[in-house]
Amino acid sequence: MRKLKVAVYKFSSCDGCQLQLLNMEEELLQLSSFVEFALFYEARRSVSSGPYDVAFVEGSISTPHEVEVIKKVREESKVLVAIGACATSGGIQALRNWANAEEYKQYVYPRPEWVEVLKYAEPPSKYVKVDYEIRGCPVSKEQLLSFILQSSKGKTPTLPVDSVCVECKRKGNVCVLVAKGVPCLGPVTMGGCGALCPSYGRGCYGCYGPMVDPKPEVLNTRFKELNIKPKEIQLLFKQFTNWSREFRKVIEEYE
Ligand code: SF4
Ligand code: SF4
Ligand code: SF4
């Protein structure tokens, strides 16, 4: 049987999503009989050239050079999968999109004129077609494994479509929003984490990004009714997935 030829790429990111792949450990050994990690700099030095069956892409596109590279990745990959908050909505570094990057450079780098950045840190989907998104910060290890297994069998991979709220209800959690008035983004956030945060009595802060058709403005209205301060509401949406189109709408209301 021909092995599934996989490439793993990093753009502007912290490497945490690639580490989720490495964290598979025992599963990786089993995967090696039907999956070839042909390009994965975090794991191995040798590289087999493309084309690749699947390219997993971590990170946001933040520099002109990265724009060129992601276009090349697209050309040589049958399926391109964005993994993690950085690659699906810009990630934490997209917070600089709300500020003046040129000003930041003056404070951070001794030679700011050497640093070439785009005006905005954006997900790869801004520049190329992305076939699938696997969410989370870091990306869900279980979803990665399931995606690889299904792809290696020639199946169309399935990913979660429910909100965190639905997972929370399935687990029988007490709702922190209703019972304690704790702001929670669960109603507008894509599931897949098993409602991790509400299961420990805290609100969801949206690291999996917006669910399909989330209507965050409705949740925003509920937060206002609970007398949550405007700055707090804005900061809730302005986190790991702040540059997602849907969450931006609420953030902009408070800018
Ligand atoms: S999504 Fe989170 S864990 Fe993954 S690369 Fe970005 S910051 Fe790191
Ligand atoms: S705690 Fe959050 S995720 Fe859970 S049901 Fe309530 S609003 Fe939804
Ligand atoms: S509950 Fe929300 S913030 Fe917590 S892991 Fe899940 S998506 Fe991320």
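User: Hi! Quick one to start: are Phe-223 and Phe-237 buried or exposed?

Analyst: Hi! Phe-223 is buried, and Phe-237 is too. Keep in mind that this is a predicted model.

User: Sure. How many aromatic pairs does the structure hold?

Analyst: There are 8 aromatic pairs. In one of them, Tyr-120 and Trp-243 have ring centres 5.1 Å apart and planes at 35°, so the pair is tilted.

User: Where do Tyr-120 and Trp-243 lie?

Analyst: Tyr-120 sits in the loop between helix 5 (101-108) and strand 5 (132-134), while Trp-243 is in the loop between helix 11 (230-237) and helix 12 (245-253). The pair therefore ties together parts that are 123 residues apart in sequence.

User: And why does Tyr-120 count as partly exposed?

Analyst: Because its relative accessibility is 30%, and partly exposed covers the range between 20% and 50%. Trp-243, with a relative accessible area of 10%, is buried.

User: Back to the two Phe residues. What is the geometry of the Phe-223 and Phe-237 rings?

Analyst: Their centres are 6.4 Å apart and their planes are at 55°, so this pair is tilted. Phe-223 belongs to helix 10 (residues 216-225) and Phe-237 to helix 11, so the pair ties together parts 14 residues apart in sequence.

User: What else does Phe-223 touch?

Analyst: Leaving out residues up to four places away in sequence, Phe-223 touches Leu-177, Pro-183, Cys-184, Leu-185, Ile-228, Ile-233, Leu-236 and Phe-237.

User: Which residues touch the most other members in the largest nonpolar core?

Analyst: That core has 22 residues, and the ones touching the most other members are Leu-185, Val-188, Leu-219, Phe-223, Ile-233 and Phe-237. At least two residues of this core come from each of helix 7, helix 8, helix 10, helix 11 and helix 12. Another core, of 21 residues, lies apart from it and includes Phe-37, Val-81, Ile-83 and Leu-144.

User: Changing topic: what surrounds ligand 2?

Analyst: The residues around ligand 2 are Val-164, Cys-165, Cys-168, Lys-169, Cys-175, Val-176, Leu-177, Cys-184, Gly-186, Pro-187 and Pro-198. Two elements give two or more residues to this shell, helix 7 (164-170) and helix 8 (176-180). Helix 7 gives the most, with 4 residues.

User: How does that shell around ligand 2 split by class?

Analyst: It has 9 nonpolar, 1 polar and 1 charged residues.

User: Last one, on rings again. What lies over the face of Trp-243?

Analyst: Arg-248 does, at 4.2 Å from the ring centre. Elsewhere on the aromatic side, Phe-56, Tyr-132 and Phe-147 form one cluster.

Note on methods. Residues numbered from 1 in each chain as written. Chains lettered and ligands numbered in written order. Predicted model: local features only at pLDDT ≥ 70, side-chain atom pairs only at ≥ 80, totals over all residues. Heavy atoms only, no water. Phe/Tyr/Trp six-rings, centres within 6.5 Å; stacked < 30°, edge-to-face > 60°. Buried < 20%, exposed > 50% of the residue type's maximum accessible area, 1.4 Å probe, protein only. Lys NZ or Arg CZ within 6 Å of the ring centre and 35° of its normal. Near = heavy atom within 4 Å. Nonpolar A, V, L, I, M, F, W, Y, C, P; charged D, E, K, R; others polar. Core = buried A, V, L, I, M, F, W, Y, C linked by side-chain atoms within 4.5 Å. Contact = heavy atoms within 4.5 Å.
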